[in-house]
Amino acid sequence: MEKENNINGLSVFILRIAVSAIFITAGVSHLLNAGGVAQRIQQATFGGFAQVFGAPYTLGIISGYVLLIFGVAFMLGVFTRWSAAVLFLTLIPITITIQMGNGWLHGPLSPAIGR
């Protein structure tokens, strides 16, 4: 027995644009500030984890292109599930290296406690 889905297509489109804007902005930021991204990777506690995959500067450029390309693909609805999967798999090492590597309470969405 299948359930009927009553979700408005416009709502899905607006949500897709809002979510993909985060990845597109991050991708552009990685590409325009690759040196800063490399420095954050090197300073992170788990930075050694990232260096297994390559030089920090190269990782910044590659992750920037991945976030930008698949963010745009997600926004346009091109290979949406594949785009979401690639973005998710890209965020795992970024989260481990940068967010957790700088401490549990230090990240873009952390509370401003003790700042």
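pLDDT is the predictor's confidence in each residue, on a scale from 0 to 100. You'll want that in mind here, since what you have open is a predicted model. For this protein chain the mean pLDDT is 81, and 78% of the residues reach 70 or more.

**Stop 1: the whole chain.** Show everything as a cartoon. You should find five helices and zero strands, so to speak an α-α-α-α-α run when you read from the N terminus on. Now switch on the surface: the chain exposes about 8100 Å², and carbon and sulfur atoms supply 69% of that. Of the 115 residues, 25% count as buried. If you turn on contacts, take the ones between residues at least 6 apart in sequence: 64% of these join residues at least 24 apart.

**Stop 2: colour by confidence.** Where is confidence lowest, and where is it highest? Select residues 47-51 for the low end: this is helix α3, with a mean of 64. Then select residues 56-76, helix α4, for the high end, at 93.

**Stop 3: along α4.** Stay on α4 and try the distance tool between its end C-alpha atoms. They are 30 Å apart, which agrees with the 30 Å that 21 residues should span at 1.5 Å a residue. Next, pick out the buried residues of α4: Pro56, Leu59, Gly60, Ser63, Gly64, Leu67, Gly71, Ala73 and Phe74. Look at how they are spaced as you click through them. An α-helix has 3.6 residues a turn, so residues three or four places apart point the same way.

**Stop 4: just past α4.** Step on to Gly77, which follows α4 and has a positive phi, near 80°. Then go to Phe79, in the loop between α4 and α5 (80-99). What is the sign of phi at Phe79? It's positive, about 50°, although Phe79 is not a glycine. Is Phe79 buried or exposed? Phe79 has a relative accessible area of 63%, and the cut-off for exposed is over 50%, so Phe79 counts as exposed.

**Stop 5: a patch on the surface.** Finish by selecting Leu10, Phe13, Ile14 and Ile17. Together they make a nonpolar surface patch of about 360 Å². Zoom in on Leu10, which sits in helix α1 (residues 9-32). Leu10 is exposed because its relative accessible area, 52%, is over the 50% cut-off. Show the side chains of the four patch residues, Leu10, Phe13, Ile14 and Ile17, and turn the model until you see the patch they form.

Note on methods. Residues numbered from 1 in each chain as written. Heavy atoms only, no water. Patch = residues over 30% accessible without salt bridge, like charges linked within 9 Å, V, L, I, M, F, W, Y side chains within 5 Å. Areas by Shrake-Rupley, 256 points an atom, 1.4 Å probe, with all protein chains shown as cover. Helix = DSSP H or I, 4+ residues; strand = E, 2+ residues; numbered from the N terminus. Buried < 20%, exposed > 50% of the residue type's maximum accessible area, 1.4 Å probe, protein only. Contact = heavy atoms within 4.5 Å. Expected span 1.5 Å × (residues − 1).
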